[in-house]
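Open the model in your viewer and keep the selection tool at hand. The tour goes from one selection to the next.

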Amino acid sequence: MSNTTVIDYSDTNGAGTVTIVNNPFSNGKKYNAKFDRVTVNIDNLIARIEKKGLDTDTFALKHSASLFKAEILEALGKGEAVNLLDLGVFYIAASAIGDTVETVTISDFQVRFTPSKLANDAVSALKVKKVALSAPSPIIATITDLYTGEETNVLTQGKSVLLSGALLKITGEEGGVFFAPATEQETPTVNEEMWVKVPRLIRNSAKELEFYLPEVLEADKKYCIVLKTNSSKGTNTTKKSYTTAYSSVVSLK
C-alpha cells in the first residue's frame, strides 16, 4: 500500500478474456480455462469509493486498511486462520516429508485462501469477451515403468521410466525433468527448491523421454513429474520463454 492518495482508478465492464490450455489428465475435459487477471489494489478501491460520493475520508480509509493488514499478518504469524470480511478464509498449509511419524519433517508453510459462497456469487455474472488458446505445452500421455513394462503411476525405485506424448523435448539451461512433491490438490509444490531434477535423459525427443529415477526419491511419497522446456514445437529450435507441464500424481515402490 502506498503513502500517496490515488485519484485515478480503472473500471471494467464485467467481461474478460479466457485463455484455454490443453488438459490431457481430467476425465472428459479437453481444456483448462483461465480468466485473464486484471488486478486492482487498495488505492484503486478507495478511489472508487471516493467516486461514489459516500462522504468518506480517504486518509482514514487508508489508515484503517493499514491496520487491518497488520492485524491479518500478525494473526497468520500466530498460525491462526482469518475470515476476511466473509469473503473467504486465509489458512495455513504445510508439507510433511518422511517415511514414518518419528522421522517426518514439517516444512514449507504457506498461506492459502478458500473463497466463500458470497465471493463466488460475485463472479457468477461475468461474461467472456474473447477466448484465446495458449501457446502449446508438453503433453504427457502415458507413463511406463520400463522395469515392469507396465503403464502405471506407481514406479520402481531406481529403475528407468518412459514418458510418451507430444512436444516433450527438453531444451534450455533451466529446462529439465523434475519430481516435485505433490500438494493435497495433486499439483506440484510451488517451492522449486524441493524439486528433484533428473540428472540425465537417456532419450530426449518430442514424443518420448526416457530416464532413470533419481535415487533420492522417497518410496510411498506422492510426486508430480514436471517438464520444463524452451523448445519450440518439440524441436531443437528454442524460444525465450519456458513452458511447463506436469503429470498426474505418481509414487514409488
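Over how many bridges do strand 11 and strand 15 pair, and in which sense? Select strand 15, residues 223-231, together with strand 11. The two pair over six bridges, in the antiparallel sense. Keep in mind that this is a predicted model.

**The sheet around strand 11**

Stay on strand 11, residues 176-181. Label Pro 181, then look across to strand 15: Tyr 223 stands opposite. Now turn to strand 12. Two bridges join strand 11 to strand 12, and these strands also run antiparallel. One partnership to mark is Phe 179 with Val 196, the latter in strand 12.

Add strand 16 to the selection. The four strands make an open sheet, ordered 12-11-15-16, with antiparallel pairing. Strand 12 (196-197) and strand 16 (238-246) are at the edges, and each has a single partner strand, so one side of each lacks a neighbour in the sheet.

Next, colour strand 11 by burial. Six of its six residues are buried, so the rest of the structure largely encloses this strand. Both faces are covered. On one side, select Gly 176, Phe 178 and Ala 180. On the other, select Val 177, Phe 179 and Pro 181.

**Helix 2**

Move to residues 58-77, which form helix 2. Put a distance between its end C-alpha atoms: 29 Å. For 20 residues at 1.5 Å a residue, the expected span is 28 Å, so the two values agree.

Which residues of helix 2 are buried? Select Thr 58, Lys 62, Ala 65, Ile 72, Ala 75 and Leu 76. Look down the axis of helix 2: the buried residues fall within an arc of 150 degrees, so they line one face of the helix. Rotate to the other side of helix 2, where Phe 59, Glu 71 and Gly 77 are exposed.

What do the buried residues of helix 2 pack against? Show helix 1 (42-51) and strand 3 (82-83) as partners. Then add strand 4 (88-97) and strand 5 (105-115), which the buried residues also pack against.

Check both ends of the helix. At the start of helix 2, zoom in on Asp 57: one of its side-chain oxygens comes to within 2.9 Å of the backbone nitrogen of Phe 59. Past the helix, stop at Gly 79, which has a positive phi, near 85 degrees.

**Strand 17**

Select residues 251-252, which make up strand 17, and pick Ser 251. Is Ser 251 buried or exposed? Its relative accessibility is 18%, so Ser 251 counts as buried. Leaving aside residues up to four places away in sequence, Ser 251 touches Asn 153, Val 154, Leu 155 and Lys 221.

**The whole chain**

Now clear the selection and zoom out. The protein has three helices and 17 strands. Of its 253 residues, 30% count as buried. Show the surface: the accessible area comes to about 16200 Å², and 54% of it belongs to carbon and sulfur atoms. Finish with a contact map. Among contacts with a separation of 6 or more, 59% are between residues 24 or more positions apart.

How values were computed. Residues numbered from 1 in each chain as written. Predicted model: local features only at pLDDT ≥ 70, side-chain atom pairs only at ≥ 80, totals over all residues. Heavy atoms only, no water. Pairing = 2+ DSSP bridges. Expected span 1.5 Å × (residues − 1). Buried < 20%, exposed > 50% of the residue type's maximum accessible area, 1.4 Å probe, protein only. Arc of directions from axis to C-beta. Contact = heavy atoms within 4.5 Å. Polar contact = N/O pair within 3.5 Å; in protein donor to acceptor, adjacent residues only side chain to side chain. Areas by Shrake-Rupley, 256 points an atom, 1.4 Å probe, with all protein chains shown as cover.
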